[in-house]
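I opened the model to look up a few positions and to see how the nonpolar side chains are arranged. My notes follow.

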Amino acid sequence: MKKNIFLIIFFVLLTNSFLIAQNFIAWDSDESTVNFYKIQQNFNEYWGPKNIGHHTPKNEMGGWKAFKRWEWFWEQRVTPSGEFPPAGHLLQEAKKWKARKDNGEKKQGVNDWTNLGPFNSDGGYAGLGRINWVEEDPGYNGTTNKTIWIGSPGGGLWISEDDGASWESRLDGFGSLGVSSIVIHPTNSDIMYIATGDGDVADTYSVGILKSTNGGDTWNTTGLNWTTANNRTIRKIVMDPNNTSILYAATSN
């Protein structure tokens with residue numbers, strides 16, 4: 001017998017950290033796929049009569065804002081018919097690109113990108129982006145230009161070697177472009193660790209902890225090695241100050 005079931009949207013699609021008390025999403029159990037526009041329609045039918053606005057008390061919104069964030073994120077990424085990309089899609093495409101590169105295929109196009117903006121924001125969710133982590137090189141001696149690293153939720157790892165005047169990406173080619181934590185060896189800045197994924201609100205999932213032994217030029221996997229299909233995140237990594245071979249990681253699993 002066909003039955004309608006009510007499921008928490010991120011329990012199925014995205015994460016277990018949002019919308020825990022919501023039950024407005026429903027679909028038939030025989031459906032083989034979940035469609036973005038069907039979810040969006042059900043949400044609008046449920047919330048439409050409630051006339052949600054800035055005047056609505058927070059205790060009456062029941063996850064409305066969290067859903068709108070999810071909606072904004074996924075509406076740009078689903079197919080025209082509303083199908084979600086398979087888990088690990090970006091990582092698989094990155095591996096294909098690397099394989100073609102290793103086989104001698106030239107990268108199409110040239111690196112002559114120009115920033116078209118926006119350059120200003122009034123704040124709020126329509127801001128210019130989020131930064132998860134800022135880390136200064138512990139080897140800074142106060143006389144040379146300061147090296148600064150930042151990790152972004154969906155834009156990878158960036159470095160400035162001139163006190164923040166200019167920035168360069170150091171994590172191109174990886175499927176999970178989120179970075180939530182950065183650790184640099186206190187006496188050897190060539191040794192670095194990064195926690196991949198967005199540990200804040202899971203806009204990107206983690207492929208584990210990556211390690212560099214050449215100051216962030218290249219990165220390799222470590223023993224904490226996941227795929228984005230695991231739907232896991234890392235919030236922070238810490239190096240033991242008394243033994244740099246010991247790392248601690250706070251993760252969703």
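I started with V238, which sits in strand β11, residues 234–239. This is a predicted model, so I treat every value as computed from it.

I checked the cover on V238 and found a relative accessible area of 38%. I noted V238 as partly exposed because 38% falls between the 20% and 50% cut-offs. I then looked at its surroundings: V238, I246 and Y248 make a nonpolar surface patch of about 260 Å².

Next I went to T196, in strand β8, which covers residues 192–196. Is T196 buried or exposed? T196 has a relative accessible area of 0%, so I entered it as buried. I looked for polar partners of its side chain. The side chain of S206 makes a polar contact with the side chain of T196 at 2.9 Å. The backbone oxygen of G208 is 2.7 Å from a polar atom of the T196 side chain.

I then turned to the interior. The largest nonpolar core has 12 residues, among them W133, W149, L171, M192, I194 and W219. I asked which strands supply at least two residues each to this core. They are β5 (157–160), β7 (179–184) and β8. β7 gives the largest share, three residues.

I picked L171 from this core and listed what it touches, leaving out residues up to four places away in sequence. The list is G156, L157, L177, V179, I194, L210 and W219.

Last, I recorded a second, separate core of 11 residues, including F43, I52, W70 and F84.

Technical notes:
Residues numbered from 1 in each chain as written. Predicted model: local features only at pLDDT ≥ 70, side-chain atom pairs only at ≥ 80, totals over all residues. Heavy atoms only, no water. Helix = DSSP H or I, 4+ residues; strand = E, 2+ residues; numbered from the N terminus. Buried < 20%, exposed > 50% of the residue type's maximum accessible area, 1.4 Å probe, protein only. Polar contact = N/O pair within 3.5 Å; in protein donor to acceptor, adjacent residues only side chain to side chain. Patch = residues over 30% accessible without salt bridge, like charges linked within 9 Å, V, L, I, M, F, W, Y side chains within 5 Å. Areas by Shrake-Rupley, 256 points an atom, 1.4 Å probe, with all protein chains shown as cover. Salt bridge = Lys/Arg side-chain N within 4 Å of Asp/Glu carboxyl O. Core = buried A, V, L, I, M, F, W, Y, C linked by side-chain atoms within 4.5 Å. Contact = heavy atoms within 4.5 Å.
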